Amino acid sequence: SRIAVLKAYRGYGLGKKIVRYLEAKAIDLQLSELTLWPHDHLENFYADLGYETFGNTEVVAEHQLIHMRKTLLKTT
């Protein structure tokens with residue numbers, strides 16, 4: 001699934017707040033890692049939130065998607 005902020009509301013940090021909220025919920029569920037397939041033009045947005053690009057890219061419906069992940073909890 002995708003998240004999006006309407007163009008008129010971009011630049012106010014709402015997207016980052018949404019992602020941080022979802023990360024907090026994932027931590028509550030004791031998830032150790034999140035993975036995403038965002039559009040390639042969003043790489044810097046997610047990198048600023050601590051996500052790392054890895055693996056292959058994929059083209060879906062003419063959109064270049066990248067694979068990103070973030071470790072939330074350290075596993076022992």
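**Entry 1: E23**

I looked up E23 in this predicted model and found it in helix α1, which covers residues 14–28. I then checked its accessibility: with a relative value of 7%, E23 counts as buried, because the cut-off for buried is under 20%. Which residues is E23 in contact with, once its neighbours within four places in sequence are left aside? I noted L34, L49, Y51, K70 and L72.

**Entry 2: aromatic pairs**

Next I searched for aromatic pairs, and the structure holds two. For F45 and Y46 I read a centre-to-centre distance of 4.9 Å and an angle of 85° between the ring planes, so I entered this pair as edge-to-face, the class for planes over 60 degrees apart. Y46 also forms a pair with Y51, likewise entered as edge-to-face, with the centres 5.7 Å apart and 80° between the planes. I therefore recorded Y46 under both pairs, with F45 in one and with Y51 in the other, and F45, Y46 and Y51 form one aromatic cluster.

**Entry 3: accessibility in the cluster**

Are the cluster residues buried or partly exposed? F45 has a relative accessibility of 25% and so counts as partly exposed, whereas Y46, at 9% relative accessible area, is buried. Y51 is buried as well, and I note again that Y51 is among the contacts of E23.

**Entry 4: a charge over a ring**

Last, I looked at R69 and F54. Where does the charged end of R69 sit? I found it over the ring of F54, at 3.8 Å from the ring centre.

Definitions and conventions:
Residues numbered from 1 in each chain as written. Predicted model: local features only at pLDDT ≥ 70, side-chain atom pairs only at ≥ 80, totals over all residues. Heavy atoms only, no water. Helix = DSSP H or I, 4+ residues; strand = E, 2+ residues; numbered from the N terminus. Buried < 20%, exposed > 50% of the residue type's maximum accessible area, 1.4 Å probe, protein only. Contact = heavy atoms within 4.5 Å. Phe/Tyr/Trp six-rings, centres within 6.5 Å; stacked < 30°, edge-to-face > 60°. Lys NZ or Arg CZ within 6 Å of the ring centre and 35° of its normal.
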